[in-house]
Amino acid sequence: MFNKELFASLLMKAKDDRTLNEFARDTKISPAHISRLIRSMLATPPSPALLEKIAQNSRNKVTYDELLVAAGYITAEKLYPVPTYSDDALSDIESEIKDDPDFAIIYGAWKEGSKELKDALALVIEMHKFK
């Protein structure tokens, strides 16, 4: 689903301090079209080709993938999938964090959470180990 507000925010971030006309010139997209996108006036998302032009001319590292998600062409879950952990792996992680004060808040959510939440939290915990 086209998230017009998120898209407008990403577009403004990509535009940065350039004027609308400067950004339009850089992207080779009409200023009127960019203006309508910024003001969330269009019901349909821009084409992937247009998104590529925006990403290639972004001043703040707005990526093509971020634009695809905001435009509704792909989901964030598809772009950034959360791995699925085995019950044994989740049990090992739980025993590692249950008495660790650094993970007290996460452990509280862990105890009450669904399998999907535990998978997501396990990913965060694994990433924290490699800091």
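Biologist: Leaving aside neighbours within four places in sequence, which residues is E66 in contact with?

Modeller: Apart from those close neighbours, E66 is in contact with L10 and K61. This is a predicted model, by the way.

Biologist: Thanks. Where does E66 lie?

Modeller: E66 is part of helix α5.

Biologist: And is E66 buried or exposed, or something in between?

Modeller: In between: E66 has a relative accessible area of 27%, which makes the residue partly exposed.

Biologist: How many residues along the chain lie between E66 and A120, and what is their C-alpha separation?

Modeller: E66 and A120 are 54 residues apart along the chain, and their C-alpha atoms are separated by 20 Å.

Biologist: Staying with α5, at roughly what angle do the axes of α4 and α5 cross?

Modeller: They cross at roughly 140°, and the axes come within 9 Å of each other. That angle makes α4 oblique to α5.

Biologist: Which residues make the contact there?

Modeller: On the α4 side, P48, L51, E52, I54 and A55 make the contact, and α5 brings Y64, L67, L68 and A71.

Biologist: Is that crossing left-handed or right-handed?

Modeller: The crossing of α4 and α5 is right-handed.

Biologist: OK, what about α2 and α3: at what angle do those pack?

Modeller: α2 packs against helix α3, residues 31-38, at about 115°, and the two axes are 9 Å apart. The two helices are therefore roughly perpendicular to each other. α2 passes α3 in a right-handed crossing.

Biologist: Which side chains should I click on to look at that contact?

Modeller: From α2, pick L20, N21, F23, A24 and T27; from α3, pick P31, I34, S35 and I38.

Biologist: Now I29. Where is that residue found?

Modeller: I29 sits in the loop between α2 and α3.

Biologist: It's a loop residue, so is I29 buried or exposed?

Modeller: I29 is buried, with a relative accessible area of 6%.

Biologist: What does I29 touch, if I skip residues up to four places away in sequence?

Modeller: With those skipped, I29 touches A24, I34, L50, K53 and I54. A24 is one of the α2 residues in the α2 and α3 contact, and I34 is one of those from α3. I54 is among the α4 residues that meet α5.

Biologist: And how far is I29 from L67, C-alpha to C-alpha?

Modeller: Those C-alpha atoms are separated by 15 Å, with the two positions 38 residues apart along the chain.

Biologist: Changing topic: how many salt bridges does the count come to?

Modeller: Four salt bridges. As background, side chains of opposite charge can pair when their charged atoms come close.

Biologist: Which residue does D17 pair with?

Modeller: D17 forms a salt bridge with R59, and their closest N and O atoms are 3.2 Å apart. D17 lies in the loop between α1 (4-15) and α2 (20-27), while R59 lies in the loop between α4 (48-56) and α5 (64-71), so this pair ties together parts 42 residues apart in sequence.

Biologist: How accessible are D17 and R59?

Modeller: D17 is exposed at 61% relative accessibility, while R59 is partly exposed at 45%.

Biologist: What about K115, which residue does that side chain meet?

Modeller: K115 meets D119 in a salt bridge, at 2.9 Å from N to O. The two are four residues apart in helix α9 (residues 115-129), which means about one helical turn separates them. K115 is partly exposed at 32% relative accessibility, but D119 is buried at 6%.

Biologist: Which residues do shared partners join into a network?

Modeller: R18, R25 and D26 are joined into one network by salt bridges that share partners. Within that network, the side chains of R25 and D26 meet at 3.5 Å, N to O. R25 is exposed, with a relative accessible area of 56%, and D26 is partly exposed at 24%.

Biologist: Last one: how many aromatic pairs are there?

Modeller: One aromatic pair. The rings of F2 and F7 have centres 5.9 Å apart and planes at 70°, so the pair is edge-to-face.

Biologist: Are F2 and F7 buried or exposed?

Modeller: F2 is buried, with a relative accessible area of 15%, and F7 is buried too, at 0%.

Key. Residues are numbered from 1 along each chain as its sequence is written. This is a predicted model: local features need pLDDT of at least 70, side-chain atom pairs count only at pLDDT 80 or more; totals for chains, interfaces and linings use all residues. Side-chain values use heavy atoms; hydrogens and water are left out. Buried means under 20% relative accessible area, exposed over 50%, partly exposed in between (1.4 Å probe, protein chains only). Rings of Phe, Tyr and Trp (its six-membered ring) pair if their centres lie within 6.5 Å; planes under 30 degrees apart count as stacked, over 60 as edge-to-face and the rest as tilted. Axes are lines fitted to C-alpha atoms, for helices over the stretch in contact, and angles run from 0 to 180 degrees between N-to-C directions. Angles under 35 degrees count as roughly parallel, over 145 as roughly antiparallel, 65 to 115 as roughly perpendicular and the rest as oblique. A crossing is left-handed if the near helix is turned anticlockwise from the far one by less than a right angle, and right-handed if clockwise. Contact means heavy atoms within 4.5 Å.
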